[in-house]
Amino acid sequence: MHLDSHDKQTPTEQLQINKNQSFHQSIGHAISGVWLVVKKERNMRFHILVAVIVIVVGLWLGIGRSDWLWIAVAIFSVITAEFLNTIVESIVDLVVGKSYHRLAKTAKDVAAASTLVAALFAVVIGLIIFEPYIRFILSKH
Ligand SMILES: Nc1ncnc2c1ncn2[C@@H]1O[C@H](COP(=O)(O)OP(=O)(O)OP(=O)(O)O)[C@@H](O)[C@H]1O
């Protein structure tokens, strides 16, 4: 997925390239970065949906503090990897444009691999935390 559409500014958008002048301005741009990834990256929306489901199930089961800590680590690892993946994609597209380049492929594939590894880490954390509950529920049936 490319963020090309973000490059086409609407007339109301300011074409700022100088440094942010205030903390408020920095936070505003950071939040618009978060919104941009959520809006444009289907995978990010999927990660958020899974995170919400895990949080709801965790609340329902009443899991402990240390379990929440690991779930927080897993969720933030996946989200951070997805942000880095989007950064790499954007920079690669900026550098090579529409042309094919072997190093562009390497950069994008390795960036995608980092998200995959983070997602697998999250699945392992989820299995370790929820396995006793799943086993208990299955033993009741
Ligand atoms: N300029 C390029 N040169 C060589 N290979 C490319 C280039 N652009 C993309 N690719 C290859 O095509 C794949 C898909 O490109 P795309 O830009 O859609 O990646 P993607 O956005 O990482 O996919 P996803 O949204 O699933 O993460 C990349 O993983 C890479 O293997």
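This passage describes the helical architecture of a predicted model and the setting of the residues that UniProt annotates in the chain.

In the predicted model, the secondary structure of the chain amounts to five helices and zero strands, so that the order of elements from the N terminus reads α-α-α-α-α. The radius of gyration is 19 Å, well over the 14 Å that the globule rule gives for 141 residues, and the chain is therefore more spread out than a compact globule. Along its principal axes, the C-alpha trace spans about 60 × 40 × 20 Å. Buried residues account for 11% of the 141 residues. Of the contacts in the chain with a separation of 6 or more, 73% are made by residues 24 or more positions apart.

Helix 4, which comprises residues 65–96, has 32 residues and reaches 46 Å from its first C-alpha to its last, close to the 46 Å expected at 1.5 Å a residue. Its buried residues are Ile71, Ala74, Ile75, Val78, Ile79, Ala81, Glu82, Asn85 and Thr86, and these pack against helix 2 (23–40), helix 3 (42–61) and helix 5. Several of these buried positions, among them Ile71, Ala74, Ile75, Val78 and Ile79, can be read against the geometry of the helix. An α-helix has 3.6 residues a turn, so residues three or four places apart point the same way. Not every residue of helix 4 is enclosed to the degree that burial requires: Ile87 also lies in this helix, but it is partly exposed because 14 other C-beta atoms lie within 10 Å, whereas burial requires 20 or more. The C-alpha atoms of Ile87 and Leu59, which are 28 residues apart along the chain, are separated by 33 Å. Just after helix 4, Gly97 adopts a positive phi of about 60 degrees.

Helix 5 covers residues 102–140, and at 1.5 Å a residue its 39 residues should span 57 Å; the end C-alpha atoms are 54 Å apart, which agrees with that expectation. Within helix 5, a kink of about 50 degrees lies at Phe130, shortly before the proline Pro132. The buried residues of this helix are Thr115, Ala118, Ala122 and Ile129, and what covers them includes helix 4.

The largest nonpolar core of the chain has nine residues, namely Ile71, Ala74, Ile75, Val78, Ile79, Ala81, Ala118, Ala122 and Ile129. Helix 4 and helix 5 each supply at least two residues of this core, and its largest share, six residues, comes from helix 4.

Against this background, the annotated residues can be placed. According to an unreviewed UniProt entry, the feature "active site" falls at Glu82, and the annotation "binding site" in the unreviewed entry covers Glu82 as well. Glu82 lies in helix 4 and counts as buried because 24 other C-beta atoms lie within 10 Å, where 20 or more are required. Leaving aside neighbours within four places in sequence, Glu82 is in contact with Val37, Glu41, Asn43, Met44, His47 and Thr115. One of these contacts, Thr115, is among the buried residues of helix 5, and another, Glu41, is itself listed by UniProt under "binding site" (unreviewed entry).

The unreviewed UniProt entry also lists Glu89, Lys108 and Asp109 under "binding site". Glu89 lies in helix 4 and, with 19 C-beta neighbours inside 10 Å, is classed as partly exposed, because burial requires 20 or more. Asp109 is placed in helix 5, and it counts as exposed because it has 10 C-beta neighbours inside 10 Å, the limit for this class being 12 or fewer. The annotated residues thus include a buried residue, Glu82, a partly exposed residue, Glu89, and an exposed residue, Asp109.

Notes:
Residues are numbered from 1 along each chain as its sequence is written. This is a predicted model: local features need pLDDT of at least 70, side-chain atom pairs count only at pLDDT 80 or more; totals for chains, interfaces and linings use all residues. UniProt positions are given in the numbering used here, feature names are shortened, and annotations may be inferred rather than shown by experiment. Helices (H or I, at least four residues) and strands (E, at least two) are DSSP runs, numbered from the N terminus. Two residues are in contact if their C-beta atoms, placed from the backbone, lie within 7 Å. The expected span of a helix is 1.5 Å times one less than its number of residues. The bend at a residue is the angle between axes fitted to the seven residues ending there and the seven starting there. The radius of gyration is taken over C-alpha atoms; the globule rule is 2.2 Å times the number of residues to the power 0.38. A nonpolar core is a set of buried Ala, Val, Leu, Ile, Met, Phe, Trp, Tyr and Cys residues joined through C-beta atoms within 7 Å.
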